[in-house]
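Student: Please take a close look at a single part of this structure and connect it to the rest. I should like each term to be given with its cut-offs.

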Amino acid sequence: MKLSYDWLKEYLICDLSPKEIADAMTSIGIEVDGIVEQEQVKGSLEGVVVAKVLECEEHPNSDHLHITKVDDGSGDILTVVCGAPNIAAGQKVLFARIGTILPGDFKIKKAKVRGVESFGMICAEDELGIGEAHDGIMVLPQETQIGQSAKDYLNLKTEVVIEYEITANRVDAASHIGVARDLYAYFKHNNYDVQLRYPLLNEELAHGKGESVAVEVLSDELVKRYVSITIDGVKVAPSPEAFQAKLRSIGLNPINNIVDISNYVLFELGQPLHIFDADKISDNGLIVRTARDKENLTTLDGISRSLNEGDIVIADKNSVLCLAGIMGGLDSSVTESSQRVFIESAYFDPAQIRKTSKKHGLQTDSSFRFERGANIDIAEFAARRAAQLVLELAGGQIVSEVNDFYPHPEQKKQIEINYSRIARFIGKDIGKEVIDNILTYLSYEFVREDENTAIIKAPYYMVDVERECDVIEEILRIYGYNNIELPQTMRSSINFSKTFDPESLRNNISNFLAANGFVETMNNSLTKSEYYSKLTTFPLERCVSIVNPLSSDLNVMRQTLLLNALEDVSYNVNRQISRLKIFEYGSVYELVNNDAPEQLSSYKEHSCFSLLITGATEKLWLRESQKASFFELKAYIELLLKRYDIDIYSLPTKEAPEDIFLEGLTYYMPNSEEILIRMGTINPVLAKQFSIKQEVFAAEIHWQNLLQLISKIDIHFKELPKYPSVKRDLALLLDENISFASLRASAFRVSKSLLKNVSLFDVYRGDKLPENKKQYALSFIFQDLNKTLTDKEINKIVDKLISTFQNEYGAVLR
């Protein structure tokens, strides 16, 4: 948002600099992004000066050009070719020297015009960007001093604008008066000489005869207040230059005096208005109601919109004229021919405005304020302020009294505060007098007060203040968080506990992955439903849908982290980053009972870890490039589980789901159908949805199930073995359907105590082997913790292994 420094000072009377204002804003919770100096004319016409035309004669090679001699105060007499019809000797003019850059990035250069060199340009209004006239050059009064800069002569100003952001609960600061009000409290508390001045209303506005527009409000729940004024005899024209300059300073384009007034009041008071052409309202009557499904309205942006049932609209008997609180309709807009206008200042239900805004994808300055909760009390003041400005800038006369529909006047929120409790909450006793002064500066009313308690009424503009803790926050903002000293001592109790700590474990796993070259990502839990439309593992009907999604790309909660990871891959690959190792920890969501979506028990939320690798490593002088593979990913998973004494080969497995993985494994909890890990090669059909052409390998770990496994592990420490281990290798010819995991499990059944490890170090398939056969080269590590193993003992175990492999798997020793 933008705040004009000069405009602000019309309400906050002070001698403070823009930096002091900005620092104070940040201190009271209105975060300042920067201070920008905006020039009235780009470049402030640097290089343009007042000059005198000494001589003027016709150009011999042209019927409209003139050759002039110009004194620009530099000491040199310059020849300048000019085509203006009103050029004459003796005139004082604005002259652009060589090198000057005029508005439109037009640079003045030495030029030869019809054979005569020209050393600058004598300027017209439009060429300087200060007007639209181009029928001749600007002729200045004779007393104007030669050499004076155009910036000084034209009194061009540099506007200081403060750019700032507000949090969702601080809509009261979305206007110049709103910010001025907060700053007044802050500076008064800090003993600055400041005053707060509100706009004055002229109670004797011109009234005349005529018929006002009648208003009927059909729902006092959605429209709690509706103020209107009808004015006749207006003249639509451009706003005065000073009025336009204020709007331009905050990034608004002036349109005409009527429209500009509605924008002006919005950014002055924070109250959205809408002004209709009253002559375009059928039967001189408006109905404030909810839209019927599929009703149409062409809004001011020229887009025809199909309305939804429940949208608040302003309509006449024939059609909808305005999408209330968001944007007006094109058919009822004010134009140059408008003579009778209808001013609307209302309070619309914030929740409904937000729903309508999101459904139509229409975010406006009005909806921004209404959906956060406008100040209901200021509606009438804003309407009167707008009416006063209309009479000043467009003429006319009010033909009605102020029509104020306000059936249930809002009462100020009454809150009890306890001064001792405030001191404990803050951590410092700042004193009752200080608290009372701050609240008074912020426009709180004291209903009752004694030594230690008070009952106060919060001002209407404080829409988020409801409890004592909210009041304390307001006190702290003005008092200053930096003024609360940190205590010199800290009291704490440290309890030793053997309790299993999931958070610490999660951090350890994250650190392990980061140490192995993975980069942690964080993705939005909201995603697009389209991703799930063709999946069976994560079907669309089990997605948790968002009632009022921000967009179609964020309309469901994610069921898996894998699709987010594929988005990350797509984003990076499109930017020539093809090698990725990423992981994420986050929650996933599922609708488990479609029959009762209104019940909380129908939804399930749990956390997962996802891992993903893709692409090839960089080729170095010492190392060839290596492509990512399923086995690389599996190795990381195996290492991770091994850290917590979980043997991946002891876990039950099935093939991974084909809609997600081209090939892969699903690991289950021991003696259970609960999934622990899914991993494999991402199905190219799924990858294609994300425009990914390279192979991607991914895994998803169900966090709660992993926690359950790890929590059962009892950690023991033992000394390192004193006796050497022995290694034996076997080459086996096997059927294709025999897995390494099954061979490994059989080996440990044969020798539970002495066999320490089994690994697969080579796989061979080729023409030299029978059909549907493969060769595994296995390595076995044996070790006895109490003695050195003999060859006889080892050979006995190896013979048992060979016999087991032959009997159970039909293996042939090679």
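Tutor: The account below begins with a sheet, moves to its surroundings and then turns to other parts of the chain.

The model is predicted: local features need pLDDT of at least 70, side-chain atom pairs count only at pLDDT 80 or more, and totals for chains, interfaces and linings use all residues. Residues are numbered from 1 along each chain as its sequence is written, and side-chain values use heavy atoms, with hydrogens and water left out.

The part chosen is an open sheet of seven strands with mixed pairing, in the order β31-β35-β36-β40-β39-β38-β37. Its edges are β31 (519-520) and β37 (653-655), each of which pairs on one side only. Strands here are DSSP runs of E with at least two residues, helices are runs of H or I with at least four, and both are numbered from the N terminus; two strands pair if DSSP finds at least two bridges between them. In general, strands of a sheet pair through backbone hydrogen bonds, either parallel or antiparallel. At one edge, β37 joins β38 (residues 661-668) in the antiparallel sense over three bridges. Threonine 653 has tyrosine 667 of β38 as its bridge partner.

Further into the strand order, threonine 614 belongs to β36. Threonine 614 is buried, because its relative accessible area is 0% (buried means under 20%, exposed over 50% and partly exposed in between, with a 1.4 Å probe and protein chains only). A polar atom of the side chain of threonine 614 lies 2.5 Å from the backbone oxygen of glutamate 695.

The loop between β36 (603-614) and α16 (630-642) contains tryptophan 621, and this residue counts as exposed because its relative accessibility is 80%. Together with Leu620 and Leu622, Trp621 forms a nonpolar surface patch of about 440 Å² accessible area. Patch members have over 30% relative accessible area and no salt bridge; like charges are joined within 9 Å, and nonpolar side chains (Val, Leu, Ile, Met, Phe, Trp, Tyr) within 5 Å. The areas come from the Shrake-Rupley method with a 1.4 Å probe, and for residues only the protein chains shown count as cover.

Beyond α16, a loop leads to β37, and a salt bridge starts there. Arginine 744 and aspartate 647 meet through their side chains at 3.0 Å, N to O (a salt bridge is a side-chain nitrogen of Lys or Arg within 4 Å of a carboxyl oxygen of Asp or Glu). Because arginine 744 lies in helix α19 (residues 740-750) and aspartate 647 in the loop between α16 and β37, the pair ties together parts that are 97 residues apart in sequence. Arginine 744 is buried at a relative accessible area of 10%, whereas aspartate 647, at 33%, is partly exposed.

Helix α19 takes part in another such contact: the side chains of arginine 749 and glutamate 808 form a salt bridge of 3.4 Å, N to O. Arginine 749 is in α19 and glutamate 808 in helix α20 (residues 791-809), so this pair links parts 59 residues apart in sequence. Glutamate 808 counts as partly exposed, with 44% relative accessibility. Elsewhere, salt bridges that share partners join Arg170, Asp172, Asp182, Glu474 and Arg477 into one network.

The structure holds 41 salt bridges. Within the network just named, aspartate 182 and arginine 477 have their closest N and O atoms 2.9 Å apart. Since aspartate 182 sits in helix α5 (residues 176-189) and arginine 477 in helix α13 (residues 468-479), the pair ties together parts that are 295 residues apart in sequence. Both aspartate 182 and arginine 477 are buried.

Disulfides, in contrast, number zero (the term means two cysteine sulfur atoms within 2.5 Å). For cysteine 56, the nearest cysteine sulfur belongs to cysteine 82 and is 7.5 Å away; cysteine 56 is partly exposed, at 27% relative accessible area. Cysteine 608 is likewise in no disulfide, with the sulfur of cysteine 543 as the nearest at 14 Å. Cysteine 608 counts as buried, at 1% relative accessibility.

Two loop residues concern backbone geometry. Aspartate 105, which is not a glycine, has a positive phi of about 60 degrees; it is found in the loop between β8 (101-102) and β9 (106-107) and counts as exposed at 56% relative accessibility. Asparagine 155 has a positive phi near 55 degrees, lies in the loop between α4 (150-153) and β14 (158-165), and is exposed at 52%.

Technical notes:
A polar contact is a pair of N or O atoms within 3.5 Å; within protein, one must be able to donate a hydrogen and the other to accept it, and residues adjacent in sequence count only if both atoms are side-chain atoms.
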